[in-house]
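Hi,

Here is the structure I said I would pass on. Have a look at it first, and my notes follow below.

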Amino acid sequence: MTPEAFESQMQQQGYQTVVVERPANGSLDLHTHPFEARALILEGEITIVAEGRTQFCKAGELFQLDANVPHTETYGPTGVRYIAARK
């Protein structure tokens, strides 16, 4: 899916989109978000651990995370850049 198609589809479904960039080899400890999130990875890699499940995503792949789900994030050796859709 192209970035343009992803943003268009998400906006049609009521999501707001923003481009997020995270640093190489960075991470976020256990946290939650008060919104549902869907994302299209543009560059780099991200690993999300939530509810006992590990999800690894690289450029061109999508991930989804429900609101208020505790999770951690780890970013690859070149960081990560993705389009986040939130509602």
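What percentage of the 87 residues of the protein chain count as buried? The figure is 33%, where buried means under 20% relative accessible area, exposed means over 50% and partly exposed covers what lies in between, with a 1.4 Å probe and protein chains only.

Some ground rules before the rest. This is a predicted model, so local features need pLDDT of at least 70 and side-chain atom pairs count only at pLDDT 80 or more, while totals for chains, interfaces and linings use all residues. Residues are numbered from 1 along each chain as its sequence is written, and side-chain values use heavy atoms, with hydrogens and water left out.

Now the overall picture. The protein chain has 1 helix and 6 strands, in the order α-β-β-β-β-β-β along the sequence. Helices (H or I, at least four residues) and strands (E, at least two) are DSSP runs, numbered from the N terminus. The radius of gyration of the protein chain is 12 Å, close to the 12 Å from the globule rule for 87 residues, so the chain is as compact as a globular protein of that length. That radius is taken over C-alpha atoms, and the rule is 2.2 Å times the number of residues to the power 0.38. Along its principal axes, the C-alpha trace spans about 30 × 25 × 20 Å. Among contacts (heavy atoms within 4.5 Å) between residues at least 6 apart in sequence, 72% join residues at least 24 apart.

Strand β6 (residues 71–86) is a good place to start with the strands. Pairing here requires at least two bridges found by DSSP between two strands. β6 pairs in the antiparallel sense with strand β1 (residues 16–22) over 7 bridges, and Val18 has Ala84 as its bridge partner in β6. Strand β2 (residues 27–31) also pairs with β6 in the antiparallel sense, over 3 bridges; there, Ser27 is partnered with Thr74. Strand β3 (residues 37–50) runs antiparallel to β6 too, joined by 12 bridges, with Arg86 as the bridge partner of Ala37.

Next, the inside. A nonpolar core is a set of buried Ala, Val, Leu, Ile, Met, Phe, Trp, Tyr and Cys residues joined through side-chain atoms within 4.5 Å. The largest one has 11 residues, including Val20, Ile41, Ile46, Cys57, Phe63 and Tyr82. β3 and β6 each supply at least two residues of this core. Apart from it lies another core of 6 residues, among them Phe6, Met10, Tyr15 and Ala85.

Phe6 sits in helix α1 (residues 3–12) and is buried, with a relative accessible area of 3%. Beyond its neighbours within four places in sequence, Phe6 is in contact with residues including Arg38, Leu62 and Ile83.

Which residues form the aromatic pair? The structure holds 1 such pair, made by Phe63 and Tyr82, which meet edge-to-face at 5.8 Å centre to centre with 65° between the planes. The pair links distant parts of the chain, with Phe63 in strand β5 (residues 62–65) and Tyr82 in β6, 19 residues apart. Both Phe63 and Tyr82 are buried. For the cut-offs, rings of Phe, Tyr and Trp (its six-membered ring) pair if their centres lie within 6.5 Å; planes under 30 degrees apart count as stacked, over 60 as edge-to-face and the rest as tilted.

Cheers
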